[in-house]
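This report looks at charge pairing in one protein chain. A helix and the turn after it follow.

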Amino acid sequence: MCHIETRYPRYNHPIKLFETRTGRCGEWANAFTAICVALGHDARKANDWTDHVWTEVYINEYERWVHLDSCEPLFDQPLTYEKGWGKQLTYIISVSTKEFVDVSLRYVLD
């Protein structure tokens, strides 16, 4: 190990992330969600109480919200965190300019 610690400050504005190009899942989800909205998609951030954030985009052809994580090369794999990472999720709320929605059941095994 190199024993170097890198700290990533939390930025709430996507422009700051674009400038610094450093951040954690929350910053990348902010930026990715902003890009999706700028491209004309309905998009919202999914916030997990156990400290992870990703994006959901409404896909008209699927007639539903689709899971997209800007930190992972995944498309619509909502069980990734519990099944793949082994993470115990608790409560997940998706947030957009239009709504707050409890989406926990989509992302948990039990």
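In this predicted model, the side chains of K98 and D42 form a salt bridge, with N to O at 3.4 Å. The two residues lie 56 apart in the chain. K98 sits in the loop between β4 (92–95) and β5 (100–102), and D42 in the loop between α2 and β1 (43–48). K98 is exposed because its relative accessible area, 69%, is over 50%. D42 is partly exposed, at 39% relative accessibility.

R44 takes part in two further pairs, listed here with K98–D42.

| Pair | N to O distance | Separation in chain |
|---|---|---|
| K98–D42 | 3.4 Å | 56 residues |
| R44–E56 | 2.7 Å | 12 residues |
| E99–R44 | 2.9 Å | 55 residues |

R44 belongs to strand β1 and E56 to strand β2 (residues 52–59). Both are buried. R44 counts as buried because its relative accessibility is 2%, under the 20% cut-off. E99 is in the loop between β4 and β5. At 30% relative accessibility, E99 is partly exposed.

How are R44, E56, E99 and R106 linked? Salt bridges join these four residues in a network. Across the whole structure, the search finds six salt bridges.

Next, the helix. α2 covers residues 25–38, 14 residues in total. From first C-alpha to last it reaches 20 Å, close to the expected 20 Å. Its buried residues are C25, G26, E27, A29, N30, A31, T33 and C36. Just after α2, G40 adopts a positive phi of about 95°.

Key
Residues are numbered from 1 along each chain as its sequence is written. This is a predicted model: local features need pLDDT of at least 70, side-chain atom pairs count only at pLDDT 80 or more; totals for chains, interfaces and linings use all residues. Side-chain values use heavy atoms; hydrogens and water are left out. Helices (H or I, at least four residues) and strands (E, at least two) are DSSP runs, numbered from the N terminus. The expected span of a helix is 1.5 Å times one less than its number of residues. Buried means under 20% relative accessible area, exposed over 50%, partly exposed in between (1.4 Å probe, protein chains only).
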